[in-house]
Amino acid sequence: TLSMEEDVQEFIRQKAISYLADAQKKNPKFSLRSFATKLELQASNLSAFLNGKRSLSKNSLETVTRQIFSNPEERKYILAKINETDVSTRRSEKELL
């Protein structure tokens, strides 16, 4: 089973993937790099997050949540969940090699 931290990361990951897909339907020129800029992330970090190869820091999760959750109640709930968990940046074993 997933920990609360992993649940929060995965929920935000899936919402970000959906947000990007919707944005690209509306504007085919909307790129991952554009999305990363909007989210105040490096494109490589966003790509790794979207592909499940990396977690985001608490601060990054908060920034992403504020940008992609348009419903204020949903956004408030997710921000509370982020703060409830000890979400921290973890390096994958590949990054340590």
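**Exercise 1.** In this predicted model, classify E10 by relative accessibility: which class does E10 fall in?

Solution. The relative accessibility of E10 is 29%. Buried requires under 20% and exposed over 50%. E10 therefore counts as partly exposed.

**Exercise 2.** Find the residue whose side chain meets that of E10 in a salt bridge, and state whether this residue is buried or exposed.

Solution. The partner of E10 is R13, with an N to O distance of 2.7 Å. For a salt bridge the nitrogen must lie within 4 Å of the carboxyl oxygen. Both residues belong to helix α1 (residues 4-26), and because they are three residues apart there, about one helical turn separates them. R13 has a relative accessible area of 8%, so R13 is buried.

**Exercise 3.** How many salt bridges does a search of the whole structure find? Describe the one that involves K81.

Solution. The search finds two. The side chain of K81 meets that of E84 at 3.3 Å, N to O. E84 and K81 lie three residues apart in helix α5 (residues 72-84), which means a separation of about one helical turn.

**Exercise 4.** Which side chain of opposite charge is nearest to E62, and how far away is it?

Solution. Locate E62 in helix α4 (residues 58-68). The nearest oppositely charged side chain is R66, 4.3 Å away. The salt-bridge cut-off is 4 Å. E62 has no salt bridge, yet is buried. Leaving aside residues up to four places away in sequence, E62 touches L79, I82 and N83.

Definitions and conventions: Residues are numbered from 1 along each chain as its sequence is written. This is a predicted model: local features need pLDDT of at least 70, side-chain atom pairs count only at pLDDT 80 or more; totals for chains, interfaces and linings use all residues. Side-chain values use heavy atoms; hydrogens and water are left out. Helices (H or I, at least four residues) and strands (E, at least two) are DSSP runs, numbered from the N terminus. Buried means under 20% relative accessible area, exposed over 50%, partly exposed in between (1.4 Å probe, protein chains only). Lys and Arg count as positive and Asp and Glu as negative; His and the chain ends are not counted. Contact means heavy atoms within 4.5 Å.
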